[in-house]
Amino acid sequence: MAKSKNETRKNNFFEKFANAATKFTGSSVAFIAATAIVIIWAVTGPLFNYSETWQLVINTGTTIITFLMVFLIQKAQNKDGKAIQLKLNELIAAQQGASNRMVDIEDLSEKELDQLHKFYVTIATLAKKEADIHCSHSIDVAKELNEMKLKSNKHFKHHDNESARSKS
């Protein structure tokens, strides 16, 4: 079912508003403004004899802002989480030895995730029995892996490291 133009505009407006609000509320300016409001409120305490109304103003204001921020933060986290999942899915799909079964595993049941976790714990245990980390993760191994990747992927430009070093 296609979205109407009106719905799309509303979604775009909300998306833009949510992004701007999230960016602003995480800024130094927003923190300074909030701090200033609290200081102004505290300074006005004696003017209002620290009345219940004076206290209610800050309590109501902070409660409303907190309530709204919970939803705004959740939206930002959902978006960030989705972006991270897509990036991880891309890495899995691009890696020749990786199992495509791992793409979108966040939809699996807790029991299925536990089974996958056991699998990787076993791999980690076996890896600890291998040679020391200086052999498996040396600079030479990193260079070899990079060269293999450059040769196997035609989208990467192969730069001759030797000629680059001789120029410097």
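Ala, Val, Leu, Ile, Met, Phe, Trp, Tyr, Cys and Pro count here as nonpolar, Asp, Glu, Lys and Arg as charged, and the others, Gly among them, as polar. The model is predicted, so local features need pLDDT of at least 70 and side-chain atom pairs count only at pLDDT 80 or more, while totals for chains, interfaces and linings use all residues. Residues are numbered from 1 along each chain as its sequence is written, and side-chain values use heavy atoms, with hydrogens and water left out.

The protein has a mean pLDDT (the predictor's confidence in each residue, from 0 to 100) of 84, and 84% of its residues reach 70 or more. Among the helices (DSSP runs of H or I, at least four residues, numbered from the N terminus), α2 (residues 28-43) has the highest confidence in the protein, at a mean of 96, and α7 (residues 161-167) the lowest, at 47. Over residues 162-168 the pLDDT is below 50, and this stretch has zero contacts (heavy atoms within 4.5 Å) beyond near neighbours in sequence.

Now to the pockets. A pocket is an open set of points on a 1 Å grid over the protein atoms alone, where a 1.4 Å probe fits, with protein on both sides within 12 Å along at least five of seven lines; lining residues have an atom within 4 Å of a point. The second largest pocket is lined by five nonpolar, four polar and two charged residues. Helix α6 (139-152) gives the most to this lining, with four residues. In the largest pocket, the lining divides into 17 nonpolar, four polar and one charged, and α3 gives the most, with eleven residues.

Terms used
Helix = DSSP H or I, 4+ residues; strand = E, 2+ residues; numbered from the N terminus.
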